[in-house]
Structure formats: C-alpha cells, structure tokens
Amino acid sequence: MQIIITSSFWLFLLILLLVLQLSLVLIVILKPITRYLVGKEISSLMDRLLSDKYTQNLMEVWPAGKRISVLNILEIGFRAQQGKIITRPLGSPKHFPGFDNLMFAPNVMTRLSLPENTSMNMKVTIGPKAAKPMIIDIPIMIGAMAYGVALSEEAKRALARAAKTLQTSTCSGEGPFLPEERQEAGKYTLQISRWAWGARTQEQIDAADMLEVQMGQGADMGSVSIEAKEFQGRAQELSGLAPDEPAVAFPAPPGIQKLSDWPGFMKQLRRQSKGLPIALKIMATGHLENDLEAAVKLGFDAVIIDGAQGGSHATTPIKQDDFGIPSFFALCRAVRFLNKAGVRNRISLIVAGGYFTPGECLKAIALGADAIYMATVPLLALTHNQVGKVIPWEPPTTLVFYDSPTKGKLDIDQAATSVVNTITSMVLEMEEGMRALGKSSLKELSLDDLVALDSLTAEVTGVKRIY
C-alpha cells in the first residue's frame, strides 16, 4: 500500500511526530545514565564545597555577594577593563523615599464622588505671568531627552509626534536643535543648554513655545564630555563641531562665565524670547532654597526641579547615586519656599525624576506641583511591541539611542502611538482618582485630599497623619 502525502504541512507534521517519538525513546533509554552522571557531578561538587579551604572555595562569592551587589561587581569589571569614567543609562538603581506613605483620603459620606461622565479640567498654564504663557491640555509633559547626546532622530520624532497628539509639550533636551523634531511637535520647549551650541539661534528661539535654561538635572550637572566617535553623523554636523572634536559641556550656558553675568544673560534672553515663558531647570540639592531664591530674583517664569531619581542617560554612577535629594522632598521644600516668598501664583513648578505612576503624579499635584516632566516612561513606551527587533542580543533601548546601529529599526508611527496610549492611560487614571475625590479640576486638589501613614511624611508634607 502506497501512501501519498500531497501537503507539505502534513509531511512536516509526520516528521515532527517521528522526532518526538525518537526523543521519548532516547529519554527512556538514557534517563538512568543521565541521572548517574548528574548525580556523580553534584556529589563531587558538594564534596569540594565542603572540603576546600574557604580562600579556595567557589562559595567565597556568597559572602562577597552579600557585601556588594551584582551591579557593583559588574561596574568593577568595567572600570578594570577600561580605566576610564564609566557611564550608566537610565539613572540610579537606588530606591529613595517617595510617595508610598501618602494615601488619598476622599470624603465618603460628606462629599459625593462625581459621575463618570463629568467633564474634567486637566489643563495647565505654564508661566501664567508671561506675555505668552504655554497652555497644555494635560499635566504630564515629555521631558528633556537630547538628540545626539542621547536619543536618535527616530526616537525624537516619535516623542514629538506623540506630544502633539496629546496636546502637551515635548522638550528638545540639551542636544543640537533637530528641525524635524520641531516640525513634528505641537507645543515645544527649547533648552538653552550648557554646550557649545546651547545659546541657540534667534530662529530656533522663535520656533519655541517655552525656553528652558538648563543648569543641571536629576543625575547630572557640571562639566562633562562626549568622545567625538560617539557623536559622529548628523548630530555632530548640527552641533557645529569638527568631525574629530569632542563635545564638552560647560558649567553654565554660553555667555555666563561668572555669577555676575546672570542678570545680563537673562535680560538678553528675555529680549530674544519675545514674551515666551523662561524656565530654569536644576538638580534638586540640599541648597534648593538658595537656588530658588536666585531664580526668583532673576525673574524666571517657571522652575523645573529634577530629583535624584532622574534617569539621565550616560551619566556617572557617583552623580546618579550620591548627588541630589529625592524628588518627594524636593517638591515639598520648593512649594514651601515659593509660598513663603509670595510668588507661587507667578512661578510655575514642574517636577521631574522618578514619576512612574498616575498616583505619584496626582499626589505631586495635590502637594503643589503644576505639572510633571516624564522621560523614562515615554522612553520605555517607545519600544513597546518592537523589542523583538533587538532582543535577546541587545537591550530594548538600542532601538532609541543615537549611537546604536539598530536605531533605524524603530517604527516611528508605532512608537508614537505607544507613547500616546501610555500617557493617555495615565491621565485617564488620574481623572478617575479625581472623580473619586469629588474634584473636577486639578486646581481643586490640595493637602486635604491626602493622609500620611507615618510621622516623617506628615512632617515633610504638612499632611495630617493617619493616627
């Protein structure tokens, strides 16, 4: 009897079944041998572990690993290999005190929650006293992620496109001005940064909706440099640097050599801005009040305070782990100072660094923030459903970094949609929380909507304790 198989699928299925049957037979035959060999090796290993001197024992890594982390061991290896400063992506792994010990406290019987169809006012005005304040539809802004210094053109275009759909702002970051990003964006914040190109041209300033003077960020401030080979290509061309010239950040934006230069710098920038709000971005430190006092005197329309959780790309472990103060404490101190100085209604407060959930964002607004800068969240959202293009051999972020050979694989439309979906979802959750509190506008949120679970949180925030 002859069997004719006309379908390649059925032929494949038959071969697969034969392979499975053969595998089962081999498992049955080889199982005793495999068990014997494995058992023998384990027995030999245990004998060595229990008899070798501690200084020659493989298990010496156990107490060593209890003293230092796998990350410490990894970074020791990087230092030993290169003999240079090492830089990490995406910020410090440390867990700082945050919003966990704050809970929302709705009035269950004395104030009704709002119906699901209640219209919610999530608009925010940045720089309310500026001649041309920037108005955004949601309190989440896409933070400063630099073209060339960090992200690729594809990633920056996707973020700009998402921001336009969301009717919020995206920020240029400290890198060279990318014309395609501005074309994709709606509301656009341009950083006056601490690099050779950082003063910007009048044409670039005219294209912005807000200016942001960058003096630092959550995990970075001061002078740093980028090797020319890591900056080659279009970013280097737009920066005006020579092909073999490294990019070096200054202590302050071009035009400021000493502290006494600040008033003249601000006067000139105010003329160039033609009524746009001007913000100051700083790393939050233990001298926060001194920095805010200087910002008030110089007439900034907004301050952006980046806490120690900020996920700065390619910054050193010492700055990520050991500089700054946590975002939660920075926010509370900033609100207290601005209120005491009597300028809270004039200066917008934008917070950044470690905001990952709708609850954290809404708590920050209840504590006094006007808006939240997000960078890590939209950055991770960019690669959603596209990580299969690079894993398992490369991390997902190689799809978005400028110096990555796989950056061209990022689908801009898909990436923008993922960012829109992520932030839309977060804002919808914030709205649901507000309806539960009986509030229909961000301006109605206050300390009375919160309760503290411990004494330290109550003391820092001024929120009533749970007991």
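Let's start with two helices that meet: the axes of helix H4 (residues 153–166) and helix H14 (residues 412–437) come within 8 Å of each other and cross at roughly 45 degrees. That angle makes H4 oblique to H14, where oblique is what remains once angles under 35 degrees are taken as roughly parallel, over 145 as roughly antiparallel and 65 to 115 as roughly perpendicular. Axes here are lines fitted to C-alpha atoms, for helices over the stretch in contact, and the angles run from 0 to 180 degrees between N-to-C directions. Helices (H or I, at least four residues) and strands (E, at least two) are DSSP runs, numbered from the N terminus.

A word on the source: this is a predicted model, in which local features need pLDDT of at least 70 and side-chain atom pairs count only at pLDDT 80 or more, while totals for chains, interfaces and linings use all residues. Residues are numbered from 1 along each chain as its sequence is written, and side-chain values use heavy atoms, with hydrogens and water left out.

Back to the first pair. H4 passes H14 in a right-handed crossing, meaning that the near helix is turned clockwise from the far one by less than a right angle (anticlockwise would be left-handed). On the H4 side, the residues in contact (heavy atoms within 4.5 Å) are Glu154, Arg157, Ala158, Leu159, Arg161, Ala162, Thr165 and Leu166. They meet Ile412, Asp413, Ala415, Ala416, Val419, Val420, Ile423 and Thr424 in H14. Sorted by type, the residues of this contact of H4 with H14 are 10 nonpolar, 2 polar and 4 charged. For that sorting, Ala, Val, Leu, Ile, Met, Phe, Trp, Tyr, Cys and Pro count as nonpolar, Asp, Glu, Lys and Arg as charged, and the others, Gly among them, as polar.

H14 also holds Thr417. Thr417 is partly exposed, at 42% relative accessibility; buried means under 20% relative accessible area, exposed over 50%, and partly exposed in between (1.4 Å probe, protein chains only). The C-alpha atoms of Thr417 and Gln386 are 12 Å apart, with their positions 31 residues apart along the chain.

Now for a second pair. Helix H9 (residues 288–298) and helix H11 (residues 327–341) pack at about 45 degrees, with their axes 10 Å apart. H9 and H11 are therefore oblique to each other, and their crossing is right-handed. H9 brings Leu288, Glu289, Leu292, Glu293 and Val296 to the contact, and H11 brings Ala330, Arg333, Ala334, Phe337 and Leu338. The contact of H9 with H11 divides into 7 nonpolar, no polar and 3 charged residues.

Helix H12 (residues 358–367) is largely enclosed by the rest of the structure, because 9 of its 10 residues are buried. Those buried residues are Pro358, Glu360, Cys361, Leu362, Lys363, Ala364, Ile365, Ala366 and Leu367. Right after H12 comes Gly368, with a positive phi near 130 degrees.

What about the cysteines? A disulfide is a covalent bond between the sulfur atoms of two cysteines, and the rule used here asks for a pair of cysteine sulfur atoms within 2.5 Å. By this rule the count is 0 disulfides. The sulfur of Cys171 is too far for a bond, because the closest cysteine sulfur, in Cys361, is 17 Å away. Cys332 is in no disulfide either, with the nearest cysteine sulfur, that of Cys361, 15 Å away. Cys171 is buried at 0% relative accessible area, and Cys332 is buried at 7%.

Some backbone details come next. Most residues other than glycine have a negative phi, and most peptide bonds are trans. Two residues with a positive phi are set out here:

| Residue | Phi | Loop | Relative accessible area |
|---|---|---|---|
| Gln167 | near 60 degrees | between H4 and strand S5 (169–171) | 43%, partly exposed |
| Arg200 | near 65 degrees | between strand S6 (187–192) and helix H6 (202–206) | 8%, buried |

There is also a cis peptide bond, from Ile391 to Pro392, with omega near 10 degrees. Pro392 is in the loop between helix H13 (376–382) and H14.

Finally, the whole chain. It has 15 helices and 14 strands, and buried residues make up 45% of its 467 residues. Its C-alpha atoms fill a box of roughly 90 × 70 × 65 Å along the principal axes. Of the contacts in the chain with a separation of 6 or more, 67% are between residues 24 or more positions apart.
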